[in-house]
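Work through the exercises below with the sequence and the 3D view open. Try each task before reading its solution.

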Amino acid sequence: MSAHHFSRRAGRARAGFAGRLQQGFTLVEMAIVLAVIGLIIGAIAIGKDVQRNAEYTKIKNKFVDQWEQAYNAYYQRTGVVLGDSQTAPRLMVNGANFNAAAGTSISGGNMTGVTGPNAICQGGAGPNMLRTAQGVAGAGNPFALRLLMNQAGVRMPPGRAEGAEDRYVYLDTNGNPQEIQVCFQWNAPGTAENSGNVMVITGLTPDLARMLDQMIDGKPDAQEGRFRQQGVANGTANAAGVQWSANNTYAEGGAGPTAAGTGANLDEDQVIRMVAIYKMNQ
């Protein structure tokens with residue numbers, strides 16, 4: 001085939017393309033383009049939810065579960081729970097600082113209604129915790145969470161950073177950073193959100209709290225199971241429980257949040273935070 005013939009074919013192709021540009025797209029072609037754009041936008045929106053669910057699963061597996069394992073490892077190595085006395089154990093977190101009133105000893109007293117000792121944290125108590133922390137971290141506080149773990153040779157989850165293993169940072173549904181913090185404490189018998197030794201998890205958005213509850217207990221119930229909401233009163237025995245008391249439409253500090261209500265949360269607001277109580281096995 002001659003070079004002249006190729007030149008003629010290329011010229012016709014260029015002329016056809018130019019004519020096509022002048023004619024514009026047909027309705028069918030425009031519909032296809034719009035459909036493709038819609039699929040791309042939908043994939044991006046779905047991808048954000050998938051990414052957030054993956055992050056929440058990571059929080060459960062790499063942070064909450066590993067802190068439970070660290071707590072259990074401390075018990076196995078020392079024979080007591082965090083902050084308890086090894087020579088005169090009370091079987092309660094921070095038991096070495098528990099001053100029982102008359103008639104409320106472990107040996108024979110009634111522990112119902114007794115105020116438990118302060119929580120074991122790394123520094124101050126987490127946001128919205130009802131219990132105060134034993135004291136600030138440092139050499140002057142032998143009951144700091146990180147110090148106790150290091151003394152027993154227990155490896156902690158990486159957390160946020162070196163020295164902040166008790167914390168984890170994530171983004172809420174508005175894209176604002178939130179920080180989880182873990183502490184440990186003992187709750188007296190009859191405490192609504194679980195009695196005995198518990199992990200206190202602060203800084204949870206409602207959707208994260210419900211997802212963790214679903215993964216731990218099999219259903220998101222604020223007053224039943226090992227994973228409960230702080231301060232939720234117990235209901236009728238053998239009856240259905242209650243929902244977590246807020247949802248992601250409420251901004252931090254919002255008044256009167258309810259599980260099924262609608263708050264005044266704007267896109268730029270920080271989503272409201274909740275506190276969960278996770279019962280330990282020891």
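**Exercise 1. How much area does the chain expose, and what percentage of it do carbon and sulfur atoms supply?**

The model is predicted: local features need pLDDT of at least 70, side-chain atom pairs count only at pLDDT 80 or more, and totals for chains, interfaces and linings use all residues. Residues are numbered from 1 along each chain as its sequence is written, and side-chain values use heavy atoms, with hydrogens and water left out.

Step 1. Take accessible areas from the Shrake-Rupley method with a 1.4 Å probe; for residues, only the protein chains shown count as cover.
Step 2. The exposed area is about 15000 Å². Carbon and sulfur atoms supply 55% of it.
Step 3. Turn to burial (under 20% relative accessible area is buried, over 50% exposed, in between partly exposed; 1.4 Å probe, protein chains only). The chain has 282 residues, and 39% count as buried.

**Exercise 2. Lay out the secondary structure and the pairing of S2.**

Step 1. Use DSSP runs, numbered from the N terminus: helices are H or I with at least four residues, strands E with at least two. The chain has four helices and five strands. Their order is α-α-α-β-β-β-α-β-β.
Step 2. Two strands pair if DSSP finds at least two bridges between them. S1 and S2 are antiparallel, with five bridges. Valine 169 has glutamate 179 in S2 as its bridge partner.
Step 3. S2 also pairs with S3, again antiparallel, over seven bridges. Here phenylalanine 184 is bridged to methionine 199 in S3.
Step 4. Check burial. Nine of the 11 residues of S2 are buried, so the strand is largely enclosed by the rest of the structure.

**Exercise 3. Find the disulfide and say what it joins.**

Step 1. Search for cysteine sulfur atoms within 2.5 Å of each other. The count is one disulfide.
Step 2. The pair is cysteine 121 and cysteine 183, with sulfur atoms 2.1 Å apart.
Step 3. Place both ends. Cysteine 121 sits in the loop between helix H2 (27–78) and helix H3 (145–151), and cysteine 183 in strand S2 (residues 177–187), so the link ties together parts 62 residues apart in sequence.
Step 4. Read the geometry. The link of cysteine 121 and cysteine 183 is right-handed, with 120° about the S-S bond. Both cysteine 121 and cysteine 183 are buried.

**Exercise 4. Which residues have the most contacts inside the largest nonpolar core?**

Step 1. Join buried Ala, Val, Leu, Ile, Met, Phe, Trp, Tyr and Cys residues through side-chain atoms within 4.5 Å.
Step 2. The largest core has 44 residues. Trp67, Met149, Ile180, Phe184, Ile201, Leu204 and Phe227 have the most contacts inside it.
Step 3. H2 gives the largest share of this core, nine residues.
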